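User: I am a first-year student, and I would like a close look at a single part of this protein. Please take me through it slowly, in connected prose.

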Amino acid sequence: MWSRALALWVLASLALAGSGELAPLDVLGSVLDVVRADWDEDGVLDRAVLWQPEKGEDLANLYLYLSGATEPVVATGVAWSRFGGSEAWLEADPGGFSVLSGGSAGGLRWQEGISIAFGEGGPRVVGYSYHSYDPANPTEGFVCTADFAAGKGSRGGTAFAIAGGALLLSDWSYARIPVPCQAR
């Protein structure tokens with residue numbers, strides 16, 4: 001048992017190397033994905049790490065290590081990673097990155113994601129998207145997008161307004177998903 005825990009700790013530490021912190025406290029967790037880019041435009045690569053706790057949680061956490069910061073920006077529960085055969089991953093975008101997850105539940109296929117951009121005040125969640133469909137029943141499922149920065153969204157072609165603007169990444173939670181985008 002010690003050798004497995006030690007091996008996972010070493011792998012997690014290597015993935016997070018150079019951040020000033022070795023790994024999250026749950027050393028039995030696992031790194032799901034890592035993306036690197038110079039998001040704060042200081043000439044040094046920054047790192048986003050998607051981390052899956054091993055303590056029976058269905059949601060993965062995000063650790064964002066910016067080159068000039070002494071502590072990571074932490075966002076807990078950012079992506080479904082163990083629910084209904086789901087997977088979670090990161091994708092780099094020109095001005096930030098996206099945290100994505102997808103899977104299936106009861107024949108319904110789904111994918112959702114949040115978009116993170118950088119600007120004044122640090123990393124912010126600027127967008128959310130959800131897409132679901134049932135291959136056996138094309139009338140089931142929906143597409144919903146929310147642009148927090150612009151204050152608007154759309155579900156199945158019907159527009160809606162969003163108050164509040166882009167959210168700090170550290171303030172993101174599933175409770176922030178606009179009501180029209182919540183699966184029902």
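In what sense do E3 and E4 pair, and over how many bridges? Please tell me also what surrounds these strands.

Analyst: Please keep in mind that this is a predicted model. In it, E3 and E4 pair in the antiparallel sense, and five bridges connect them. One place where this pairing can be followed is Tyr63, which stands opposite Val74 in E4.

On its other pairing, E3 is joined to E2 by five bridges, and these two strands also run antiparallel. Here Ala48 has Leu64 of E3 standing opposite, while Val49 has Tyr63 in E3 as its bridge partner. Tyr63 therefore appears in both pairings, because it is the bridge partner of Val49 and also stands opposite Val74 in E4.

These pairings belong to an open sheet of four strands, whose order is E1-E2-E3-E4 and whose pairing is antiparallel. Its edge strands are E1, which spans residues 30–37, and E4, each of which pairs on one side only. On average, and with direction ignored, neighbouring strands of this sheet are turned by 25 degrees against each other.

Turning to how well E3 is covered, we find that six of its seven residues are buried, so the strand can be described as mostly covered. In soluble globular proteins, nonpolar side chains tend to be buried together. In this model the largest nonpolar core has 32 residues, and those touching the most other members are Leu62, Val78, Phe97, Val99, Tyr128 and Trp172. Among the strands that each supply at least two residues of this core are E2 (46–52), E3 (59–65) and E4 (73–80), as well as E6 (96–105).

Phe97 is a useful residue from which to look back at the sheet. With its neighbours within four places in sequence left aside, its contacts include Ala48, Leu62 and Leu64, and two of these names, Ala48 and Leu64, are already familiar as residues that stand opposite each other. Phe97 is also in contact with Val35 and Trp39, and with others including Ile114, Ile116 and Phe118.

For a contrast with the covered strand, consider Leu168, which lies in strand E12, residues 167–168. Leu168 has a relative accessible area of 28%, which is why it counts as partly exposed, since buried means under 20% and exposed over 50%. Not counting residues up to four places away in sequence, Leu168 touches Gly121, Pro123 and Arg124. The C-alpha atoms of Leu168 and Ile116 are separated by 9.2 Å, although these residues are 52 residues apart along the chain.

Key:
Residues numbered from 1 in each chain as written. Predicted model: local features only at pLDDT ≥ 70, side-chain atom pairs only at ≥ 80, totals over all residues. Heavy atoms only, no water. Core = buried A, V, L, I, M, F, W, Y, C linked by side-chain atoms within 4.5 Å. Buried < 20%, exposed > 50% of the residue type's maximum accessible area, 1.4 Å probe, protein only. Contact = heavy atoms within 4.5 Å. Axes fitted to C-alpha atoms, helices over the stretch in contact; angles between N-to-C directions.
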